[in-house]
Every structure is written in C-alpha cells, then in structure tokens.
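Me: I've got a structure open and I keep tripping over the labels people put on residues. Can you walk me through them, value against cut-off?

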Amino acid sequence: MFHKFDLGGVTHELWLAPSANGYCLHIPNGWSGPVALAEEGTGRGRLTVAGTSEAVAFAVDGDVIHIHMRGRTCSLRYVDPLRALASVDGDDGHNVARAPMPGTVVALKVAPGDAVTAGTVLIVIESMKLETQIRASQGGIVERLHVKDGDSFDRDAILVTLSQGN
C-alpha cells in the first residue's frame, strides 16, 4: 500500500507490501528491501531493515509517530493517502475521492444520491492482489461515480464526487 510521511516539513512517499517474512519496503529512489518491527513490550521493539536490526522506542499520538533510535528522536506525521488524495474543488463544496494507487474497481458500495458520512465505504478496489476500501473523507451526498465495476484506473484518478449535504 502507498504511504506518505511528513518529516520536518518534507513529505516522503513509500510502498509497503506484505511478503513471506513480513513486509517489503519500496522507496521511490529505487531502494527496496525487507522490513519488520518486532514489539518487545509497550513502546519498544526491534526494527529490522535489510537484515540489520536496531532497538527502537516509539510512541503513537494520533497521526504522529515518535521514534527514538541510535540516540536520536524524530517525529513522523502519517499522511493518510486517502485523505491526501481527497480534495475540495473550488468554492462549490465538491469533494472528490481519488485513487491512492492504480487498480481495478471490484465493487461499488454507493449510488448517486446516497447520503454518506465520513468513513463510509464508497468503492472497493484491487491493486497488486490486495483489496482496498475507498472511504469518504467527509460526509455528503454521492453526486457522481466516475467508474463502474471492472473499470481500471490510474493513481490519482477521480473515483467519486461528493457534494455537501444540506
């Protein structure tokens, strides 16, 4: 799954995919390799990246992850890819749900005219053999579905347009 983190005002993008022994991390600079975090107690564990293991301490505070490793502490803010790709278009109160990755529509869960609340599943997509639920980032009325069952789409494609409810 595609992820974004903010570290010191700089956004970093990465892909994290399940693998036989945990996860495989793919970074856009071309590096990829196995990663795993083994918890050894509340707020502490061992982070293993490409076979090298380090003790870490961590605390999660909402969307901020504080990590202490090698004598240094940093704070990462997780940027929810679905919220990052949802945007309000202009002043007309339209909110669009965008695709966080390329894929195919597996199931439409709403229809035009449906009232939804934040978190409502709008569409189920498949990408890299993984099903992902696309949820509403805020409440509204489904104005338009831009895809149908079986359609393929690229990352950042508009999938659903919501208008603000009355």
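Reply: Sure. Keep in mind that this is a predicted model. Let's start with arginine 98, which is buried but has no salt bridge.

Me: How do you know that arginine 98 has no salt bridge?

Reply: Look at the nearest side chain of opposite charge, aspartate 156, which is 4.3 Å away. A salt bridge needs a side-chain nitrogen of Lys or Arg within 4 Å of a carboxyl oxygen of Asp or Glu. The 4.3 Å distance misses that cut-off, so the pair doesn't count.

Me: Where does arginine 98 sit, and what does its side chain have from the backbone of aspartate 156?

Reply: Arginine 98 belongs to strand β10, residues 94–98. A polar atom of its side chain lies 3.1 Å from the backbone oxygen of aspartate 156. The limit for a polar contact is 3.5 Å between N or O atoms, so that distance is inside it.

Me: Why is aspartate 156 called partly exposed?

Reply: Its relative accessibility is 37%. Buried means under 20% and exposed means over 50%, so aspartate 156 lands in between.

Me: What makes the phi of aspartate 156 worth a remark?

Reply: Aspartate 156 is not a glycine, yet its phi is positive, at about 80 degrees. Most residues other than glycine have a negative phi. As for its place, aspartate 156 is in the loop between β16 and β17 (158–163).

Me: Which residue in the hairpin of β13 and β14 takes a positive phi?

Reply: That's methionine 128, with phi near 55 degrees, in a hairpin that has 2 residues between the strands. Methionine 128 isn't a glycine either, and its place is in the loop joining β13 and β14.

Me: Why is methionine 128 called exposed?

Reply: Methionine 128 has 59% relative accessibility. The label needs over 50%, so methionine 128 qualifies.

Me: How do you know that β13 and β14 pair?

Reply: Pairing takes at least two bridges between two strands. β13 and β14 have 6 and run antiparallel, so they pair. One example is valine 121, whose bridge partner in β14 is arginine 135. On the β11 side, 4 bridges link β11 (residues 103–108) to β13 (residues 121–127), again antiparallel. There, valine 105 stands opposite isoleucine 125 in β13.

Me: What makes β14 and β16 edge strands?

Reply: The open sheet has 4 strands in the order β14-β13-β11-β16, with antiparallel pairing. β14 (130–135) and β16 (152–153) each pair on one side only, and that's what earns them the name.

Me: What is the strand order in the closed barrel?

Reply: The barrel has 8 strands, running β1-β2-β3-β4-β5-β6-β7-β8 with antiparallel pairing. From one strand to the next, the twist averages 35 degrees. Take β1 (residues 2–7) and β2 (residues 10–19): they are antiparallel and joined by 6 bridges. Phenylalanine 2 has tryptophan 15 in β2 as its bridge partner.

Me: Why is alanine 59 called partly exposed?

Reply: Alanine 59, in strand β6 (residues 52–61), has a relative accessible area of 38%. That is not under 20% and not over 50%, so partly exposed is the label.

Me: Which residues does alanine 59 touch, not counting those up to four places away in sequence?

Reply: Val64, Ile65 and His66. Contact here means heavy atoms within 4.5 Å. As for arginine 44, it is 15 residues from alanine 59 in sequence and 8.5 Å away in space, C-alpha to C-alpha.

Conventions. Residues are numbered from 1 along each chain as its sequence is written. This is a predicted model: local features need pLDDT of at least 70, side-chain atom pairs count only at pLDDT 80 or more; totals for chains, interfaces and linings use all residues. Side-chain values use heavy atoms; hydrogens and water are left out. Axes are lines fitted to C-alpha atoms, for helices over the stretch in contact, and angles run from 0 to 180 degrees between N-to-C directions. Buried means under 20% relative accessible area, exposed over 50%, partly exposed in between (1.4 Å probe, protein chains only). Lys and Arg count as positive and Asp and Glu as negative; His and the chain ends are not counted. A polar contact is a pair of N or O atoms within 3.5 Å; within protein, one must be able to donate a hydrogen and the other to accept it, and residues adjacent in sequence count only if both atoms are side-chain atoms.
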